[in-house]
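Student: Take me through one part of this model at close range, would you? I'd rather have a single connected account than a list.

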Amino acid sequence: MKTFTSLSLAALVFATLSGCAQDSMMMRQGSVQGGAGMKGGMDMKMLDTNSDAMISKEEFIKHHESMYDKMKKDSNGMVSVKDMQMMMHDMMKQK
């Protein structure tokens, strides 16, 4: 069981780091920017609710809290890693 837990944790860390590396690469390529109709990037205008071309911590947190509120949760109000991955996969397919 300890080995399974360690391997699961390692896989989760690897998946997280891979996602961070992909985000970094997209930013260098200009995919993450303000504007509509971008392929594979995040539409920053969704976060910039006051249209000042800046993302405040409050805007960032509010957006992500809204995303969390829409996610499928178990009876304890928790989101499983599997459901989170499925949601992220579906979001990327829509872009």
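**Two acids and a loop**

Tutor: Start at the backbone nitrogen of Ala 53, which sits 2.8 Å from a polar atom of the Asp 48 side chain. Keep in mind that this is a predicted model. The side chain of Asp 48 has another backbone partner too: one of its polar atoms is 3.2 Å from the backbone nitrogen of Asp 52. Asp 48 itself belongs to the loop that runs between α1 (2-28) and α2.

How buried is Asp 48? Its relative accessibility is 11%, so it counts as buried. Despite that, Asp 48 has no salt bridge, and the nearest oppositely charged side chain is that of Lys 45, 8.1 Å off. Setting aside anything within four places in sequence, Asp 48 is in contact with Ala 53, Met 54, Ile 55 and Glu 59.

That last name is the one to follow. Glu 59 sits in helix α2, which covers residues 57-70. Asp 48 and Glu 59 are 11 residues apart along the chain, and their C-alpha atoms are 6.6 Å from each other. Glu 59 is another acid that is buried without a salt bridge; for this one, the nearest side chain of opposite charge belongs to Lys 62, at 9.1 Å.

What does the Glu 59 side chain have beside one of its polar atoms? The backbone nitrogen of Thr 49, at 3.1 Å. Leaving out residues up to four places away, Glu 59 touches Leu 47, Asp 48, Thr 49, Asn 50 and Met 54. Put the two acids side by side and you get this picture: the side chain of Asp 48 has polar atoms 3.2 Å from the backbone nitrogen of Asp 52 and 2.8 Å from that of Ala 53, while the side chain of Glu 59 has one 3.1 Å from the backbone nitrogen of Thr 49.

Now look at the backbone of this loop. Most residues other than glycine have a negative phi. Ser 51, in the loop between α1 and α2, goes the other way, with a positive phi near 55°. Ala 53, also in the loop between α1 and α2, has a positive phi as well, near 65°. As for their surroundings, Ser 51 has 64% relative accessibility and therefore counts as exposed. Ala 53 is at 69%, so it counts as exposed too. In other words, Ala 53 is exposed even though its backbone nitrogen lies 2.8 Å from a side-chain polar atom of Asp 48, a residue that is buried.

If neither acid is in a salt bridge, where should you look for one? The count for the model comes to 1: Lys 72 pairs with Asp 83, with 4.0 Å between the closest N and O atoms. Lys 72 is in the loop between α2 and α3 (81-94) and Asp 83 is in helix α3, so this pair ties together parts 11 residues apart in sequence. Lys 72 has 59% relative accessibility, so it counts as exposed.

Step back for some context. The protein chain has 3 helices and 0 strands, in the order α-α-α along the sequence. Of its 95 residues, 14% count as buried, and Asp 48 is one of those that do. The exposed surface of the protein chain is about 7,900 Å², with carbon and sulfur atoms supplying 63%. Among contacts with a separation of 6 or more, 16% join residues 24 or more positions apart.

Last, a word on confidence. The protein chain averages a pLDDT of 73, with 55% of the residues scoring at least 70. Helix α2, home of Glu 59, has the highest mean pLDDT of the elements, 91, and α1 has the lowest, 56. Over residues 30-41 pLDDT stays under 50, and the model has 27 contacts beyond four places in sequence for that stretch. Where pLDDT is low, the predicted coordinates should not be read in detail.

How values were computed:
Residues are numbered from 1 along each chain as its sequence is written. This is a predicted model: local features need pLDDT of at least 70, side-chain atom pairs count only at pLDDT 80 or more; totals for chains, interfaces and linings use all residues. Side-chain values use heavy atoms; hydrogens and water are left out. Helices (H or I, at least four residues) and strands (E, at least two) are DSSP runs, numbered from the N terminus. Buried means under 20% relative accessible area, exposed over 50%, partly exposed in between (1.4 Å probe, protein chains only). Lys and Arg count as positive and Asp and Glu as negative; His and the chain ends are not counted. A polar contact is a pair of N or O atoms within 3.5 Å; within protein, one must be able to donate a hydrogen and the other to accept it, and residues adjacent in sequence count only if both atoms are side-chain atoms. Contact means heavy atoms within 4.5 Å. pLDDT is the predictor's confidence in each residue, from 0 to 100. Accessible areas come from the Shrake-Rupley method with a 1.4 Å probe; for residues, only the protein chains shown count as cover.
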